[in-house]
Amino acid sequence: MTIDLGFPSGLSLVPTTDESQRAKDFKSDQEVRWCPGCGDYVVLNAMQAFLPSLGLRRENIVFVSGIGCSSRFPYYMNTYGMHSIHGRAPAIATGLAITRPDLSIWVVTGDGDALSIGGNHLIHALRRNVNLKILLFNNRIYGLTKGQYSPTSAEGTLTKSTPMGSLDHPFNPLSLALGAEATFVARTLDNDRKQLTEILTAAATHRGSALVEIYQNCPIFNDGAFDVLKEPGHKEQRLIPLTHGEPIVFGTNDDHAVIRTDYGLDITKTADLNPSDIVNHNTTLDDPSYAFALSRLSTQDLGHAVTGIFRNTTRPTYDDAARAQTTHATHTKPPNLQALLDGNDTWTVS
């Protein structure tokens, strides 16, 4: 099966001619070197198992990463890839997207790499709607540099760099992305292989910027950070899964639901509601305020955590527009180097 990636006419990716392509074909010859128990292993395995379904040649797939534990990802993928500069992966990937429309381009980054030194690059890639798929591995800590607090660490977090507790108010990555009007925004957990694969598939088919936040465990420096979202008896009351077109209910027996209020969204008991009061999830709304309100239901203490696809809308992409603009300029006014050199914009160097 070949999945439609939504490319404009004439820019379709080349489907593979090898229908027997399997997960093992996407595994490189490099030894995977993360700490035992790291959530990165699950994401890597899910990605390698999922990619054959795209029906793409491996040379038409590229992974670009920044710096961090998650950024070792390109080494382990038997595709093209680049381990780039700290925080700059979206910028480098943008250049690639503009010049190579035949590629499926994935950015792999962490909460420190993407939201600290790389914060501006991330939000501008999202607002421009560059055709990139950005996987944000969020373990709420700096793992590679040995356990400093990150932009998603909770207030009061004790680390080597905050021995008396972090004073910073953490980012909600999805709220940040939706504030930049990203056209595809989703969240999942490293241990939810089914949901992770479904979201990766949806992100791959999306034309434009897709941000997928993945809660994942760092067993060395922030072990068990998301355990309450994984343990039976706890996860049912905390996780709020989203399904497009379905009422937003959760709990052991769907005993809680999401409703609209005068100022956004809230959570209440299903027994106190008429079924018509429950919000039906819609990922396709042009106005990002609904998806933003959903993102605010997730709390830093993980009392509630919304997972699934928050937003999946379409608008023109930056890379398509840049290529169209270049083509138009070339056809209407062919380049003339001599005219440029003889023009009025000159400088005198003394």
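This report describes the sheet, one of its strands, a helix and several salt bridges in a predicted model.

**The sheet**

Eight strands make up an open sheet with mixed pairing, and their order across the sheet is 2-1-3-4-6-5-11-7. Its edges are formed by strand 2 (80-83) and strand 7 (239-241), each of which pairs on one side only. From one strand to the next the twist averages 20 degrees. Within this arrangement, strand 1 (residues 61-65) and strand 3 (residues 104-110) run parallel and are joined by five bridges, and phenylalanine 63 stands opposite tryptophan 106 in strand 3.

**Strand 5 and its neighbours**

Strand 5 (residues 184-189) is mostly covered, with six of its six residues buried. In a regular strand the side chains alternate between the two faces of the sheet. For strand 5 both faces are covered, since Phe184, Ala186 and Thr188 on one side, and Val185, Arg187 and Leu189 on the other, are all buried.

The pairing of strand 5 with strand 6 is parallel and extends over six bridges, with leucine 189 standing opposite tyrosine 215 in strand 6. Between these two strands the chain passes through helix 7, and the resulting β-α-β crossover is right-handed. Strand 5 also runs antiparallel to strand 11 (residues 305-312), to which four bridges join it; there, alanine 186 has isoleucine 309 as its bridge partner.

**Salt bridges**

Side chains of opposite charge can pair when their charged atoms come close. In this model the count comes to nine salt bridges, and the table gives three of them, each with its N to O distance.

| Basic residue | Acidic residue | N to O distance |
|---|---|---|
| Lysine 24 | Aspartate 25 | 3.6 Å |
| Arginine 100 | Aspartate 102 | 2.7 Å |
| Arginine 207 | Aspartate 320 | 2.6 Å |

The surroundings of these residues can be described through their relative accessibility. Lysine 24 has a relative accessible area of 58% and is therefore exposed, the cut-off for that class being over 50%. In the pair of arginine 100 and aspartate 102, arginine 100 counts as partly exposed at 37% relative accessibility, and aspartate 102 counts as partly exposed at 23%.

The salt bridge between arginine 207 and aspartate 320 links distant parts of the chain, for arginine 207 lies in the loop between helix 7 (193-205) and strand 6 (210-215), whereas aspartate 320 belongs to helix 10 (residues 318-332), 113 residues apart. Arginine 207 counts as buried because its relative accessibility, 12%, is under 20%, while aspartate 320, at 21%, counts as partly exposed. Salt bridges with shared partners join Arg207, Asp319, Asp320 and Arg323 into one network.

**Helix 10**

Helix 10, which contains aspartate 320, has 15 residues and reaches 21 Å from its first C-alpha to its last, close to the 21 Å expected at 1.5 Å a residue. Its buried residues are Asp319, Ala322 and Arg323. Because these residues cover an arc of only 95 degrees around the axis, they lie on the same side of helix 10. The face turned away from that buried side carries the exposed residues Gln325, His328, His331 and Thr332. Two of the buried residues, Asp319 and Arg323, also belong to the salt-bridge network that includes Arg207 and Asp320.

Key:
Residues are numbered from 1 along each chain as its sequence is written. This is a predicted model: local features need pLDDT of at least 70, side-chain atom pairs count only at pLDDT 80 or more; totals for chains, interfaces and linings use all residues. Side-chain values use heavy atoms; hydrogens and water are left out. Two strands pair if DSSP finds at least two bridges between them. Axes are lines fitted to C-alpha atoms, for helices over the stretch in contact, and angles run from 0 to 180 degrees between N-to-C directions. A salt bridge is a side-chain nitrogen of Lys or Arg within 4 Å of a carboxyl oxygen of Asp or Glu. Buried means under 20% relative accessible area, exposed over 50%, partly exposed in between (1.4 Å probe, protein chains only). A crossover is right-handed if, with the strands pointing away from the viewer, the path from the first strand over the helix to the second runs clockwise. The expected span of a helix is 1.5 Å times one less than its number of residues. The arc is that of the directions from the helix axis to the C-beta atoms.
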